[in-house]
Amino acid sequence: MIYFVGAGPGAPDLITVRGKEKLGSADVVIYAGSLVNPALLSYTKEGCTVYDSASMTLEDVISVMLRASEEQKEIVRLHTGDPCIYGAIREQMDLLDRHGLPYEVVPGVSSFIGAAAALRAELTLPDVSQTVILTRMEGRTPVPEAEEISRLAAHGATMVVFLSTTMLDELKDRLIKGGYAADSPAAIVYKASWPDQKVVLTTVQDIARAARENGIHKMALIFVGGFLGDEYSRSKLYDPSFTHLFREASK
């Protein structure tokens, strides 16, 4: 069996219980060495063969999986965060399907969730935003025209921007063009949950400057939106005047 396992945002104890168990029983682990905390490899058993996929192609990865499967070995493909977000797992699964190899996906804590925890922030606040947009700037990987940043910014929702730390000047311009005010609150979270984590609070206008001043050039998430401010409405869930299935409103 092949398991695609979400490693979580970085801290070794933020992998799921199931993910840790799969790492512990794996005969072969292929991990994204440029992003996954190598401390997670301490959960592997003695004799486990470990491959760093940072220097491997898709074909290299599949070749290792095929060879290990022929030897009846259990395989873990360890991805950062949760594999379903910018994990490039679909292309791997499609090739495994062609070869008739079984696999499962073990979800993980996404980096944006780890970063929200570092910010001590709630991304969905009543009367502020009830929508979270996860997106990225286009680089070598294109972005569909309808999902260009300024178009998404027009919604004024909570936005989390991945894989764009080297393009922050352009990101700032597009966010403002789309409708965020220049003084809208923003945050930069570098390596959420890692020992060298950094959290920088700033504004849309100053995103690029704040990153430069803090020496942040990669492995950071950008958060934008009113959820970082101080104004919001109280939730109805715990409002004494609100009736729901489990509680009658106070009179």
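Okay, a strand here is a DSSP run of E with at least two residues, and strands are numbered from the N terminus. By that count, Y3 sits in strand 1, residues 2-6. Keep Y3 in mind, I'll come back to it. One caveat up front: what we have is a predicted model.

Let me start with the overall picture. The protein has 251 residues, and 43% of them count as buried. It has 7 helices and 10 strands. Put a box around the C-alpha atoms along the principal axes and you get roughly 65 × 50 × 35 Å. As for contacts, take those with a separation of 6 or more: 66% of them come from residues 24 or more positions apart.

Now the domains. There are two ranges to remember: domain 1 covers 2-106 and domain 2 covers 111-228. Their C-alpha centres lie 28 Å apart. In the contact, domain 1 puts in 11 residues and domain 2 puts in 12 residues. The area buried between domain 1 and domain 2 is about 830 Å², with carbon and sulfur atoms giving 71% of that. So which residues of domain 1 lose the most area to domain 2? That's P9, I85 and Y86, and together they make up 59% of what the domain 1 side buries.

Okay, back to Y3, over in strand 1. Is Y3 buried or exposed? The relative accessible area of Y3 is 8%, and the cut-off for buried is under 20%, so Y3 is buried. Leaving out residues up to four places away in sequence, Y3 touches K22, E74, I75, V76, R77, E104 and V106. Of those partners, look at I75: Y3 and I75 are 72 residues apart along the chain, yet their C-alpha atoms are separated by 6.2 Å.

Next, pockets, which I guess is what most of you came for. The largest pocket has a volume of about 1500 Å³. Where does the largest pocket lie with respect to domain 1 and domain 2? Both domains give residues to its lining, so the largest pocket lies between them. The lining runs to 45 residues, and the ones nearest the centre are S34, L35, T80, Y86 and L163. So Y86 turns up again: it lies among those nearest the pocket centre, and it is also one of the domain 1 residues that lose the most area to domain 2.

If you're thinking about the chemistry of that lining, it splits into 22 nonpolar, 15 polar and 8 charged residues. In terms of elements, at least two lining residues each come from helix 2 (58-70), strand 4 (75-79), helix 3 (90-98), helix 4 (111-119) and strand 10 (220-224). Helix 3 gives the most, with 3 residues.

Then there's the second largest pocket, at about 160 Å³. Its lining is A118, L119, R120, A121, P185, A186, V199, L201, T202, F227, L228 and G229. Helix 4, strand 8 (185-190) and strand 9 (198-203) are the elements that give two or more residues there. Strand 9 gives the most, with 3 residues. By type, that lining divides into 9 nonpolar, 2 polar and 1 charged.

Helix 4 has now come up for both pockets, so let's look at it. Its buried residues are F112, G114, A115, A116 and L119. What covers them includes strand 6, strand 7 (158-162), strand 8, strand 9 and strand 10. Just after helix 4, R120 takes a positive phi of about 55°, and R120 is also one of the residues lining the second largest pocket.

Staying with strand 6, residues 132-136, that's where T135 is placed. T135 counts as buried, at 5% relative accessibility. Not counting residues up to four places away in sequence, T135 touches Y86, E147, I149, L152, M159, V160, V161 and F162. Yes, Y86 once more.

Last one, for contrast: R209, in helix 7, residues 207-213. R209 has 36% relative accessibility and counts as partly exposed. R209 and D169 are 40 residues apart in sequence, and C-alpha to C-alpha they are 8.4 Å apart in space.

That's my tour, happy to take questions.

Notes. Residues are numbered from 1 along each chain as its sequence is written. This is a predicted model: local features need pLDDT of at least 70, side-chain atom pairs count only at pLDDT 80 or more; totals for chains, interfaces and linings use all residues. Side-chain values use heavy atoms; hydrogens and water are left out. On a 1 Å grid over the protein atoms alone, a cavity is a set of points where a 1.4 Å probe fits but cannot get out, and a pocket is an open set with protein on both sides within 12 Å along at least five of seven lines; lining residues have an atom within 4 Å of a point. Grid points are joined across faces, edges and corners, and a volume is the space filled by probe spheres set on the points. Helices (H or I, at least four residues) and strands (E, at least two) are DSSP runs, numbered from the N terminus. Ala, Val, Leu, Ile, Met, Phe, Trp, Tyr, Cys and Pro count as nonpolar, Asp, Glu, Lys and Arg as charged, and the others, Gly among them, as polar. Domain bounds come from an automatic or database domain assignment. Buried means under 20% relative accessible area, exposed over 50%, partly exposed in between (1.4 Å probe, protein chains only). Contact means heavy atoms within 4.5 Å. Buried area is the accessible area (1.4 Å probe) that two parts lose on being put together, summed over both.
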